[in-house]
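Here is a set of short exercises to help you find your way around a new structure. Try each task by yourself before you read the solution below it.

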Amino acid sequence: MNQNNTINIRAIRNKKSIKKDLSLQPKNIHDQYYQESDDSEDEKVLSKIGRLQTKKYKDKDFIGYDENLNKIQKKKQFQDTIDEFINKTENKDWWRVVRDELNNQDVVLNDKQLSMLDRIRKGKTAIKLADDYYFEHEDFNQFDLLSSYNPKRRFLPSKWERIKINKLVQGIKLGRIVLNPPQKVEKIFDIWENVSEDQVLSKYLPARIPAAKAQLPTNVCSYNPPEEYLFTEQEKQQWLQTDPEDREIPFIPQKFKHLRNVPSSEQLTKDLFNRCLDLYLAPRIRRKKLMMKSTDFLPEIPKPEELKPFPTKLNFEFGQIDITKSGQVKQISISQDGQLLGVCYEFAIAFFDTKTSKCLYTKWQVADKQFLGLDFSQSGLICILQSNGFIILNSFIDKRLHPNVEDGQNSNKQIPKNSNNVFEWNFELDDNVFQQLLEVKMPYDPLYVQFHTKSDYLVSTQPHTHVKSHCILVHCISKSSTSIPFQNMKASTEVQQTIFHPTKPELYIMTNKNIFIYSLTKQQLLKKLLAGNQQNSTIAIHPYGDNLIVGSNDQKVCWFDLDMGKTPFKKMSYHKNGVRRVIFHKSYPLFASCSDDGTINIFHCRISTDLSQAPVILPLKVLKQKKKESLMDIAFHPTQPWIYSASKEGVVSLWT
C-alpha cells in the first residue's frame with residue numbers, strides 16, 4: 001500500500017493532521033463512483049450531517065459539512081415571489097429546475113431525465129429495456145401454483161354463447177339484423193328550384209318553399225319621377241340627418257332627361273348583398289296559415305230563441321193595497337199548485353189569485369208587531385214569520401192535512417218544548433178561509449224560514465239572537481217540538497240563511513263568507529264551500545241537489561258544482577248593486593237573480609246526468625221595471641215559465 005494513500009494512526013489525535021491526510025486523497029474517486037453507479041442510494045450528498053435535523057442550521061449561514069469537514073455555505077434564495085417571477089421570465093429553462101433541499105442547490109434536468117420521469121408517470125420502466133431481456137414460454141400452465149386440475153367446463157364450448165349466436169343467426173335470416181348496411185347518402189338539391197310535379201323525385205323531396213320576393217320599384221325609383229317626389233333643400237337636410245334605418249326612402253330621388261344620363265348606382269353592391277341576406281335568412285319551414293276569424297275560437301252558443309220558453313216582458317201588475325198601512329214588501333211566495341201568491345208586507349199579509357190577480361185574503365198585524373216573511377209547503381201549509389215567533393196557516397179547509405187539528409179538542413193547547421218555556425206551541429182554529437193551525441212564540445225575531453219537502457219540518461234562521469246556538473232552529477209540526485241542532489256555535493259565526501236539501505237529509509248553512517253542508521243523520525260537517533265574497537246575501541239549491549247558487553252584496557252570483565270542488569264553478573257579475581234573491585225554477589232549466597238596481601237577470605242552466613260534462617250557463621234576458629226601484633224578492637211559477645217580482649214600493653208584477 002502506498003504511503004500517500006494511508007493515514008498515519010498517530011496523527012488522529014491532531015485535527016490538523018487529519019485534514020492534511022484527507023486532503024491527500026484524490027477528489028475524483030467518489031465523483032467517478034457516483035457517476036458510474038445507478039443505485040439511488042449511492043447519490044452524491046454534499047452535506048455530511050447524517051440524521052441530524054435541518055432545523056439546527058436554520059439560523060446559521062451554512063447547512064452542514066462536506067466530506068472534507070468544510071462548511072457548506074447557504075446559497076442566496078429569492079427574497080420574494082416577484083424576484084422568482086422575474087427569474088422565470090429571464091430563464092427559459094426554469095421549468096427544468098428542481099430544488100435539492102438537502103444539498104441546497106438547484107438541479108437542472110436534462111432530456112434523458114425528463115423522458116425517464118415521463119415513462120414513470122405512464123407506468124413504464126424508467127429505462128427502455130432491450131428485447132434480449134424479454135422471454136416467453138410456450139406452456140405457462142406448468143408453472144401453476146395450484147395443485148388442482150382445470151375443470152372440464154373450461155374445455156367445452158359455452159352454452160350461453162351458443163344461444164346468443166343462434167339468436168344473431170336467426171335475426172340475420174329474418175332480416176332484423178343487416179350486416180354492413182348501406183350508408184344513406186344525403187341528396188343535395190336547390191331549395192329555390194321550382195321542381196315540376198312530373199319529375200320522379202318530386203314525391204321524395206320536401207315541399208317547395210318560394211323565395212322571398214323582392215320589393216317592387218315605385219314612382220320614386222324612376223329616373224324621371226314627378227315633381228312632387230323630388231326633395232326640397234329642407235327635406236334633403238332632414239333626410240341626411242336621420243338615421244339610415246329610420247329613413248323611409250333609402251336614396252335621394254333625382255331627375256334625368258334621358259336614361260343614358262343615369263349614372264351607376266352607388267348602392268348596387270349593398271342592395272345585392274341585402275338581397276342575398278334576404279334569401280339566406282328566409283325561413284326554411286312551411287307554415288300553414290289558418291284562415292280563421294276571431295269568432296271561430298268562441299264556443300258554439302245557441303241563440304236565445306232556441307232556448308225558449310222564458311220570461312221576456314211584463315204582463316200585468318197586481319192590485320196594490322194601502323201602502324201607507326201595509327209598509328214595504330218583505331217577501332213573496334207562491335203555492336205548489338200555482339193558484340195562490342202570498343205577499344208579505346211589514347204590517348199585512350195579502351194572498352192573490354194568480355189567474356185573476358184578485359186579492360182573496362188580507363191579514364193585518366197589530367201595531368206592536370211586524371211580519372217578516374212567509375213560505376208555502378207542498379201540502380198547502382203557510383208559515384208566516386212575525387215578531388217573536390211564527391204562525392202556520394192552512395190554505396185548504398180540509399182538516400185532515402194536519403193530524404193535530406181533527407177536532408176542537410186541541411184548541412188553545414200549549415206544549416212547551418222544555419221546562420223553561422222558551423218555545424211555546426199554541427194550537428188555535430179560526431173560521432176564516434185560511435185556517436190558523438198553530439202559533440209558536442220565541443224570544444227573538446226569525447228572518448227566514450223554509451219548509452221541508454215532507455211539510456212536517458221547517459227550519460228558521462234568527463241571526464240577531466242573544467244565545468248563539470238559537471240562530472238555527474228546526475221545528476217539527478207533528479211532534480210540536482223545536483230542536484237546537486247546533487249547541488256549540490262560535491260567537492263570531494253570523495248565519496244569514498239556512499235551507500234543506502231537496503232529497504237528502506242535509507242542511508245548508510250560509511254565513512257571511514262560507515257555506516257549510518251539515519248531515520242531519522250523521523250529525524257532522526260534510527263540506528265547507530268557499531264563496532270568496534265580501535258578504536253573502538242569499539242562497540238557492542237546484543231541484544236535483546247537485547248544484548247551488550249564492551248571491552252577495554258585492555254584485556256577484558256564484559255557481560257551485562258540489563261534485564267539482566269547494567270553490568265556485570263560475571262567477572257572474574251582471575248587477576250594478578247588491579243581489580237580493582236567487583231562485584231556481586222547479587220544472588224548467590232556468591234560474592234568476594234580482595238586485596237593488598231594479599233588474600232581473602234570467603239565465604239558462606242545463607245540467608247533464610253525465611258527470612264528465614260541466615253545466616252550461618247562459619244569460620238570456622234582463623228584465624227592467626218602468627221605475628228604477630229596488631227589487632226585494634222574486635218567485636218562479638211552479639209549472640209555467642213565469643216569474644213574479646216585488647219592488648220596495650209594494651208593486652207586484654208578473655213577467656211572462
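**Exercise 1. Decide whether Arg-580 is buried, partly exposed or exposed, and find its charged partner.**

Step 1. In this predicted model, the relative accessibility of Arg-580 is 34%. Buried means under 20% and exposed means over 50%, so Arg-580 counts as partly exposed.

Step 2. The side chain of Arg-580 meets that of Asp-596 in a salt bridge, with 2.7 Å from N to O.

Step 3. Now place the two residues: Arg-580 is in strand S28 (residues 579–584), while Asp-596 is in the loop between strand S29 (590–595) and strand S30 (599–606). The pair is 16 residues apart and links distant parts of the chain.

Step 4. Asp-596 is also partly exposed, at a relative accessible area of 28%.

**Exercise 2. Work out where the salt bridge partners Arg-96 and Asp-111 lie, and how accessible each one is.**

Step 1. The closest approach to look for is 2.7 Å, N to O, between the side chains of Arg-96 and Asp-111.

Step 2. Arg-96 sits in the loop between helix H3 (81–90) and strand S3 (97–100), and Asp-111 belongs to helix H4 (residues 111–121). They are 15 residues apart.

Step 3. Arg-96 has 16% relative accessibility and counts as buried, whereas Asp-111, at 52%, counts as exposed.

Step 4. For the wider picture, the count of salt bridges comes to seven.

**Exercise 3. Describe the surroundings of Gln-497.**

Step 1. Start with its place: Gln-497 is in strand S20 (residues 495–500).

Step 2. Check its accessibility. The value is 3%, so Gln-497 is buried.

Step 3. List its contacts, setting aside neighbours within four places in sequence. Among them are Tyr-448, Thr-461, Tyr-508, Met-510 and Arg-581.

Step 4. Look at one further partner, Ile-539: the side chain of Gln-497 reaches the backbone nitrogen of Ile-539 at 3.4 Å.

**Exercise 4. Follow Leu-654 to residues elsewhere in the sequence.**

Step 1. Leu-654 is found in strand S34 (residues 652–655), and its relative accessible area of 2% makes it buried.

Step 2. Compare sequence and space. Leu-654 and Ser-357 are 297 residues apart in sequence, yet their C-alpha atoms are 9.8 Å apart.

Step 3. Beyond the neighbours within four places in sequence, Leu-654 is in contact with residues including Lys-313, Leu-314, Phe-316, Trp-642 and Tyr-644.

Step 4. Turn to the record for residues 624–656: an unreviewed UniProt entry annotates them as "repeat: WD". This span is 48% strand and 0% helix, and its end C-alpha atoms lie 13 Å apart.

**Exercise 5. Find which residues make a nonpolar surface patch of about 350 Å².**

Step 1. The patch is made by Leu-168, Ile-172, Ile-177 and Leu-179.

Step 2. Take Leu-168 as an example: it lies in helix H5 (residues 159–174) and is partly exposed, with a relative accessible area of 44%.

**Exercise 6. Sum up the chain as a whole: how many helices and strands does it have, and what share of its residues is buried?**

Step 1. The chain has eight helices and 34 strands.

Step 2. Of its 656 residues, 33% are buried.

Step 3. The chain exposes about 46,200 Å², and carbon and sulfur atoms supply 51% of that area.

How values were computed:
Residues numbered from 1 in each chain as written. Predicted model: local features only at pLDDT ≥ 70, side-chain atom pairs only at ≥ 80, totals over all residues. Heavy atoms only, no water. Helix = DSSP H or I, 4+ residues; strand = E, 2+ residues; numbered from the N terminus. Buried < 20%, exposed > 50% of the residue type's maximum accessible area, 1.4 Å probe, protein only. Areas by Shrake-Rupley, 256 points an atom, 1.4 Å probe, with all protein chains shown as cover. UniProt positions renumbered as here; feature names shortened; annotations may be inferred. Patch = residues over 30% accessible without salt bridge, like charges linked within 9 Å, V, L, I, M, F, W, Y side chains within 5 Å. Salt bridge = Lys/Arg side-chain N within 4 Å of Asp/Glu carboxyl O. Polar contact = N/O pair within 3.5 Å; in protein donor to acceptor, adjacent residues only side chain to side chain. Contact = heavy atoms within 4.5 Å.
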